[in-house]
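Biologist: Could you take a close look at the charged side chains in this model and walk me through how they pair up? I would also enjoy hearing about the aromatic rings, if you have the patience.

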Amino acid sequence: MKTLTRIKDYAGKRSMDMADSTVKSGAKVNRFLTGVADVSLFLAQVFRSTFSRGFEFHEFLKQCFQIGNKSLGLISVTGVIIGLVLTIQSRPVLVDFGAEGMLPGMVAVSIIREMGPVITALICAGKIGSSMGAELGSMRVTEQIDAMEVSSTNPFKFLIVPRVLAATFMLPVLVLYADALGIFGSWVAANIKGDVSLVLFVNQAFKSLEFMDVLPAVIKTFFFGAVIGLVGCFKGFHAGRGTESVGIAANSAVVMASLLVIVVDLIAVQITDLL
C-alpha cells in the first residue's frame with residue numbers, strides 16, 4: 001500500500017510539473033506574440049505619422065542639434081583613436097613586407113567601409129539610444145504621454161517621429177566626421193616613426209578608394225540611425241509604470257540597438273558582396 005501511495009504521489013507531482021511547464025511555455029509564447037504585435041503596431045504608427053501632415057520641423061531641428069552636440073566630443077576622440085590604433089598595429093607588418101606605402105590606402109578602406117560606420121553606430125547606440133529610452137520612459141512614468149493622448153495630441157508626431165528622423169539623418173554626418181578624424185589620426189600615427197605630409201597621406205588614402213567603397217558605407221548608416229532611433233523610442237514609449245522602468249528602458253534600448261546594428265551591418269555586407 002505504501003508503494004502504491006508513493007507511485008500515486010509521484011505521478012500526481014509529475015503531472016503538476018508538466019502542467020506548470022505547459023503554462024510557462026504558453027506564457028512565453030504569449031509574451032513573444034504580444035511583443036511582435038507591439039513592434040508591428042509601433043512601426044505602423046511611426047510610418048503613418050511620418051507621412052501625415054503637421055510635421056514638427058522645429059522639434060526635428062532641436063533633436064538634430066541635441067544628437068550631434070551630445071555625441072560630437074565622444075565621436076571625435078573615438079575617430080582619432082581608431083586611426084591611431086589601426087596604423088600603429090598595421091605599420092610594422094607592412095614594413096616587414098616592404099609595403100609601407102600601402103598604409104594610407106589600407107587604413108582609409110578599413111575605416112570608411114567598416115570600422116568607422118560600425119564603431120560610430122555602436123557608440124551612438126549607447127549615447128543616443130539610452131538618452132531616448134530614458135527620456136521617453138520618464139515621460140511615460142510621469143504620465144506626460146498619457147496627458148498628450150488625452151488632450152488629442154499625437155505623441156508619435158511630436159515625440160517619436162522627430163527623434164527617429166533626427167537619428168536617421170545625423171548618424172551619417174557623425175560617421176563621415178569620424179572617418180575624417182580617423183584618417184587624420186592615422187596620419188599622426190604614421191608620423192611617429194616617419195615623415196609624411198598630410199596632403200600626400202590623404203592623396204594616397206583616397207587613391208585606394210572607389211565609389212562602391214563609399215556609397216554602401218554611407219547608405220547603411222541611414223539604417224543604423226533609423227534602428228537606433230526606433231529602438232530607443234520604442235523602449236521608452238513602452239516603459240512600465242515604476243521609476244525603475246526608466247533604467248530598464250534605457251538599458252534594454254542600448255543592448256537591442258547595438259545588436260540590431262550588428263545584424264544590419266551583416267545584411268548590408270552580404271548585399272554589397274552580391275553587388
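**Charged pairs and ring pairs**

Modeller: Happy to! Let's begin with glutamate 135, which makes a salt bridge to arginine 163, with 2.9 Å between the closest N and O atoms. Glutamate 135 belongs to helix H3 and arginine 163 to helix H5, so this pair ties together parts that are 28 residues apart in sequence. Do keep in mind that the model is predicted. The two partners are set differently towards the surface: glutamate 135 is partly exposed, at 30% relative accessible area, whereas arginine 163 is buried, at 2%.

Next comes lysine 220, whose salt bridge partner is aspartate 265; here the closest N and O atoms are 2.8 Å apart. This pair links distant parts of the chain, with lysine 220 in helix H7 and aspartate 265 in helix H8 (residues 244–274), 45 residues apart. Lysine 220 and aspartate 265 are both buried. Returning to glutamate 135 and arginine 163, salt bridges with shared partners join them and Glu59 into one network.

How many salt bridges does a search of the whole structure find? The search gives five. Among them is the one between arginine 113 and aspartate 213, where the closest N and O atoms are 3.4 Å apart. It too links distant parts of the chain: arginine 113 is in helix H3 (residues 103–141) and aspartate 213 in helix H7 (residues 211–237), 100 residues apart. Arginine 113 is partly exposed, at 38% relative accessibility, while aspartate 213 counts as buried because its value of 10% is under the 20% limit. As a general background, side chains of opposite charge can pair when their charged atoms come close.

Another charged residue to look at is arginine 91, which has its place in helix H2. Arginine 91 is buried, with a relative accessible area of 16%. Neighbours within four places in sequence aside, arginine 91 is in contact with Glu100, Leu103, Ala190, Lys193 and Gly194.

Arginine 140 brings us over to the rings: its charged end sits over the ring of phenylalanine 237, 4.6 Å from the ring centre. Phenylalanine 237 also takes part in a cluster, in which ring pairs link Phe42, Phe156, Phe234 and Phe237.

Now for the aromatic side chains as a group. A search of the whole structure finds nine aromatic pairs. One of them joins phenylalanine 57 and phenylalanine 60, a tilted pair with 6.2 Å from centre to centre and 35° between the planes. Why is this pair about one helical turn apart? Phenylalanine 57 and phenylalanine 60 are three residues apart in helix H2 (residues 57–96), which means about one helical turn separates them. Phenylalanine 57 is partly exposed, at 46% relative accessibility, but phenylalanine 60 is buried, at 13% relative accessible area.

A further tilted pair is made by phenylalanine 184 and tryptophan 187, at 5.7 Å centre to centre and 40° between the planes. These residues lie three apart in helix H5 (residues 155–190), so they too are separated by about one helical turn. Phenylalanine 184 is partly exposed, with a relative accessible area of 37%. Helix H5 is also the home of arginine 163, which takes us back to the salt bridge with glutamate 135 where we started.

Key. Residues numbered from 1 in each chain as written. Predicted model: local features only at pLDDT ≥ 70, side-chain atom pairs only at ≥ 80, totals over all residues. Heavy atoms only, no water. Phe/Tyr/Trp six-rings, centres within 6.5 Å; stacked < 30°, edge-to-face > 60°. Helix = DSSP H or I, 4+ residues; strand = E, 2+ residues; numbered from the N terminus. Buried < 20%, exposed > 50% of the residue type's maximum accessible area, 1.4 Å probe, protein only. Lys NZ or Arg CZ within 6 Å of the ring centre and 35° of its normal. Salt bridge = Lys/Arg side-chain N within 4 Å of Asp/Glu carboxyl O. Contact = heavy atoms within 4.5 Å.
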